[in-house]
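Reader: This structure is new to me. Please take a close look at one part of it, and then show me what stands around that part.

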Amino acid sequence: MKNIGILGCGNIARKMATTVNQMENANLYAAASRTYSKAQEFASEFNIDKAYGSYLELVQDENVDLVYVAVPHSHHYELIKLSLNNNKNVLCEKAFTVNAKMAKEVIELAKSKHLLLAEAIWTRYLPSRAIISDIIKSGVLGKISTIDANLGYNIVDHERIKKKELAGGALLDLTVYPINFALMFFPDEIRSIESSVTFLPKAGVDSMENVSLIYEDGKMASLRTSIFTNLDRRGVIYGDKGYLEITNINNPEKIVLYNTEYKAVKEYEIPKQITGFEYEVDECLEMIGKGKIECPSMPHSEIIKVMEVMDELRKQWDLHYDFE
């Protein structure tokens with residue numbers, strides 16, 4: 001059984017802690033925060049052996065096999081480096097870093113140390129991904145031309161969203177999901193990217209966006225996000241023989257096939273799960289056991305590809321972070 005240490009004790013860390021505590025092949029061994037009291041409170045709640053008042057202390061603990069980075073985007077790069085430089089395998093929350101340059105640097109560092117480095121974009125690891133891919137490969141949709149996907153929550157008042165110094169905004173927090181949704185099922189070469197965006201007044205971060213990925217073979221993905229309201233979270237993959245509707249691209253709850261007459265013809269069963277986070281942890285532990293440094297569900301090349309798409313969008317929007 002592998003020991004997992006969590007850097008950060010916020011909401012996403014709580015979900016991971018809840019998950020790992022119900023897994024048979026992983027032990028939630030340590031948690032760290034910038035203050036010992038917060039780490040101790042978190043450790044007590046989730047029955048964790050060790051609590052640390054600094055991130056450095058946790059990554060220096062020789063009993064930690066995998067570090068899970070669960071802090072704001074602005075600190076991913078430095079904590080990935082800190083963990084790797086202390087010879088720890090790393091699973092880092094999305095968005096992996098804030099730009100492709102940082103992503104490439106830490107990936108090279110992981111390669112040089114032969115340590116696992118993975119992105120915790122959980123939708124890549126979920127069983128529903130394979131289900132959707134198999135439906136596409138079966139040909140039941142015919143020739144596929146279009147993907148639509150949206151994701152939105154009323155999170156405008158969340159600190160991580162409204163603060164530019166934390167790399168806030170919709171892109172790294174929300175739009176990363178529709179982008180991944182598109183790239184999972186349309187993995188082909190992107191010819192161009194078009195977008196429109198609105199900004200949060202005074203904060204200087206993006207709040208709503210429409211993104212179009214236009215592919216070399218003529219396909220198109222239309223993506224939309226908002227930090228102001230709950231969108232329906234639907235993903236739809238359209239072919240000339242029918243379309244596939246996915247309820248909640250952030251963690252698919254229903255997958256339904258429709259024919260060209262707009263009639264539902266089949267619903268696909270989705271396996272039950274703890275929270276959905278267990279699949280990324282399982283794959284990381286499996287790869288560590290095999291001596292691998294990346295996860296096949298989200299290989300390093302795809303991490304970089306997603307970051308490059310988001311770099312291009314921020315370039316179009318003239319959106320930069322002071323710490324880059």
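Author: The lining of the largest cavity divides into 7 nonpolar, 2 polar and 1 charged residues. Nonpolar here covers Ala, Val, Leu, Ile, Met, Phe, Trp, Tyr, Cys and Pro; charged covers Asp, Glu, Lys and Arg; the others, Gly among them, are polar. The model is predicted, so local features need pLDDT of at least 70 and side-chain atom pairs count only at pLDDT 80 or more, while totals for chains, interfaces and linings use all residues. Residues are numbered from 1 along each chain as its sequence is written, and side-chain values use heavy atoms, with hydrogens and water left out.

The lining residues are Thr123, Leu126, Ser128, Arg129, Ile132, Phe181, Met184, Phe185, Ile249 and Pro252. A cavity is a set of points on a 1 Å grid over the protein atoms alone where a 1.4 Å probe fits but cannot get out, and a lining residue has an atom within 4 Å of a point. The structure holds 1 cavity of 30 Å³ or more, and the volume of the largest cavity is about 60 Å³. Volume is the space filled by probe spheres set on the points, which are joined across faces, edges and corners. Two helices, α6 (127-138) and α8 (170-185), each supply at least two residues of this lining. Helices (H or I, at least four residues) and strands (E, at least two) are DSSP runs, numbered from the N terminus.

Asn250 leads from the lining to its surroundings. Asn250 lies in the loop between β12 (242-247) and β13 (254-259). Apart from residues up to four places away in sequence, Asn250 touches Trp122, Thr123, Leu151, Tyr153 and Tyr177 (contact is heavy atoms within 4.5 Å). One of these, Thr123, also lines the largest cavity. Asn250 counts as buried because its relative accessibility is 12%; buried means under 20% relative accessible area, exposed over 50%, and partly exposed in between, with a 1.4 Å probe and protein chains only.

The strands on both sides of that loop belong to an open sheet of 8 strands with mixed pairing, in the order β8-β9-β10-β7-β11-β12-β13-β14. Strands pair if DSSP finds at least two bridges between them. β8 (190-199) and β14 (264-268) are the edges; each has a single partner strand, so one side of each has no neighbour in the sheet. From one strand to the next the twist averages 10°. Axes are lines fitted to C-alpha atoms, for helices over the stretch in contact, and angles run from 0 to 180 degrees between N-to-C directions.

Within this sheet, β7 (residues 144-152) has partners of both senses. β7 and β11 (residues 235-239) run antiparallel and are joined by 5 bridges, with Ile147 matched to Ile237 in β11. With β10 (residues 220-226), β7 pairs in the parallel sense over 7 bridges, and there Gly152 is opposite Ser226. β10 also pairs with β9 (residues 206-215), in the antiparallel sense over 7 bridges; Leu213 faces Ala221 of β10 in that pairing. Helix α10 (residues 300-317) lies across β8 and β9 and runs at about 50° to β8.

A second open sheet has 6 strands, paired in parallel in the order β3-β2-β1-β4-β5-β6. Its edge strands are β3 (50-52) and β6, each pairing on one side only. Neighbouring strands here are turned by 25° against each other on average, direction ignored. Strand β1 (residues 2-7) pairs with β2 (residues 26-32) over 6 parallel bridges, and Ile6 stands opposite Ala31. Helix α2 (residues 36-45) lies across β1, β2 and β3, at about 160° to β3. At the other edge, β5 (residues 89-93) and β6 pair in the parallel sense over 4 bridges, with Glu93 and Ala120 as bridge partners. Leu117 and Glu119 point one way from β6, Ala118 and Ala120 point the other way, and all are buried.

Leu116 sits in the loop between α5 (100-113) and β6 (117-120). With a relative accessibility of 1%, Leu116 counts as buried. Leaving aside neighbours within four places in sequence, Leu116 is in contact with several residues, including Leu66, Leu84, Val90 and Ile288. From Leu116 to Gly139 is 23 residues in sequence and 35 Å in space, C-alpha to C-alpha.

Terms used
On a 1 Å grid over the protein atoms alone, a cavity is a set of points where a 1.4 Å probe fits but cannot get out, and a pocket is an open set with protein on both sides within 12 Å along at least five of seven lines; lining residues have an atom within 4 Å of a point.
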